[in-house]
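Okay, thanks for coming, everyone. Let me put the model up, and then I'll walk you through it.

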There are 2 protein chains.
Amino acid sequence: MRADAKRNYDRIVEVAREVFREQGYDASLDLVAKRAGVGPGTLYRHFPQRENLIDAIMQSWVDRVEEGAAKALVREGTPREVLLAWFETYVALISLHKGGPAKITSAMGNSDSPIATKCQVLTRANDQVVERLRQEGALRDGVDSVQMVRLVGGVATVADQGDLDPTVVRPLLAVVADGLLR
Amino acid sequence: MRADAKRNYDRIVEVAREVFREQGYDASLDLVAKRAGVGPGTLYRHFPQRENLIDAIMQSWVDRVEEGAAKALVREGTPREVLLAWFETYVALISLHKGGPAKITSAMGNSDSPIATKCQVLTRANDQVVERLRQEGALRDGVDSVQMVRLVGGVATVADQGDLDPTVVRPLLAVVADGLLR
DNA sequence: CCACCATACGGAGACACTCTCCGCTTACGC
DNA sequence: GCGTAAGCGGAGAGTGTCTCCGTATGGTGG
């Protein structure tokens with residue numbers, strides 16, 4: 001990649017992170033290009049789809065996901081406490097930007113989504129927590145981690161779209177947890 | 001209302017129902033106007049916001065909601081069976097059109113949404129089912145019908161956006177039910 | 001050091017959608 | 001019939017996505 005190309009690439013990602021945090025994932029890409037001081041053509045060449053740009057932004061997010069999972073794995077407490085804490089971490093992670101829960105949860109299904117790679121990290125983190133709980137014999141039969149992702153993703157999506165307060169979301173997550181645990 | 005105005009109004013609603021079923025709730029309104037044989041101005045005068053149009057479409061849907069709730073109230077079986085059957089009915093009702101679950105679930109929160117009136121019908125139906133189960137002493141303490149709407153709405157939203165099969169959705173609803181029941 | 005060319009830039013503009021404004025038309029009461 | 005209020009509809013402004021292509025430039029071989 002040419003030096004000027006790399007410069008533009010980095011600048012676009014940086015600006016996009018900022019704009020998306022302000023306006024959500026459906027902010028205007030032309031605005032991103034303008035603020036980054038490049039033409040729309042340049043933006044769309046680097047990132048043919050909106051999701052490619054989101055994917056690039058998420059690089060730093062991946063680290064936070066892994067950190068969150070690591071904490072959940074060493075956490076002391078009853079299975080219910082561990083699961084609830086992980087759920088809250090999970091919701092927080094996918095709710096960093098408006099529209100994030102819906103985007104991420106639906107991307108975790110189909111492997112040909114441009115942000116699939118990043119979602120795999122989240123999937124793996126969730127799998128580890130499920131595995132720990134399963135070894136403790138805490139989960140009901142038939143429960144799998146895909147179900148969990150969908151259920152918690154659903155709660156997060158509703159919370160995101162309805163601007164729900166964390167204090168309202170917690171009981172919802174508790175219901176899901178109770179439904180999953182023995 | 002003048003005769004020609006009523007004619008146009010009805011025609012727009014009819015066409016919109018068709019278009020929304022084909023393309024989801026975010027289909028182009030100009031397309032609806034064109035297919036209905038009216039100018040965009042006419043459409044936007046009758047329905048200043050997209051939601052007003054959706055609201056008009058839902059008139060017939062209201063009947064189906066009430067019918068579904070009535071069935072759930074007289075249904076025989078364990079609380080779990082009753083609740084699950086109602087959940088499936090509920091999901092089916094809000095998933096009639098693509099994008100429906102997200103739209104309806106987030107509208108059920110804020111009372112100033114243009115489709116709020118229609119959602120009230122759904123809320124009331126759900127309340128009745130909750131009330132029946134509560135009288136049977138089947139629900140956990142602290143559970144309320146708003147939580148239920150959000151949880152099931154969340155599952156429906158995920159299912160809608162991920163094109164999930166009903167056979168995959170059922171276990172998710174079962175988890176929610178288990179979390180709500182004693 | 002410079003000339004060349006692949007690589008990359010950027011903006012004009014095609015296309016799509018939402019929504020408004022306003023001149024024209026038409027239904028309907030008198 | 002006729003006057004007028006109600007209603008129509010389309011041009012077009014505003015906004016967003018995405019592409020095409022003439023132009024500019026970084027990097028490399030001579």
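So, let's start with a record: in an unreviewed entry, UniProt lists residues 28-47 of chain A as "DNA-binding region". UniProt positions are given here in the numbering used for this model, with feature names shortened, and annotations may be inferred rather than shown by experiment. That span is 75% helix and 0% strand, and its end C-alpha atoms lie 14 Å apart. Helices are DSSP runs of H or I with at least four residues, strands are runs of E with at least two, and both are numbered from the N terminus.

Quick housekeeping. This is a predicted model, where local features need pLDDT of at least 70 and side-chain atom pairs count only at pLDDT 80 or more, while totals for chains, interfaces and linings use all residues. Residues are numbered from 1 along each chain as its sequence is written, chains are lettered from A and ligands numbered from 1 in the order in which they are written, and side-chain values use heavy atoms, with hydrogens and water left out.

Now, which residues come nearest to DNA strand C? Out of 23 around the strand, they are Arg2(A), Asn8(A), Arg45(A), Asp30(B) and Arg50(B); "around" means that a heavy atom of the residue lies within 4 Å of the strand. Of the atoms of DNA strand C that come within 4 Å of the protein, 62% belong to sugar and phosphate.

Some polar contacts, meaning pairs of N or O atoms within 3.5 Å. Arg45(A) has a side-chain N or O atom 2.4 Å from a phosphate oxygen of DNA strand C. For the side chain of His46(A), that distance is 3.4 Å. Over on chain B, Ala3(B) uses a backbone N or O atom, 3.0 Å from a phosphate oxygen of the strand.

Which element gives the most to this surface? That's α3(A), with five residues.

Next, the two chains. Chain A can be laid on chain B by a turn of 180 degrees and a shift of 0.1 Å along the axis, with an RMSD of 0.1 Å; the fit is by least squares on the C-alpha atoms of residues with pLDDT of at least 70 in both copies. That's how a two-fold axis relates them. And 100% of chain A's interface residues are also interface residues in chain B, so the copies meet through the same surface.

Last, chain A divides into domain 1 (3-50) and domain 2 (59-180), with bounds from an automatic or database domain assignment. Seven residues from each domain take part in their contact, meaning heavy atoms within 4.5 Å.

Key:
Polar contact = N/O pair within 3.5 Å; in protein donor to acceptor, adjacent residues only side chain to side chain.
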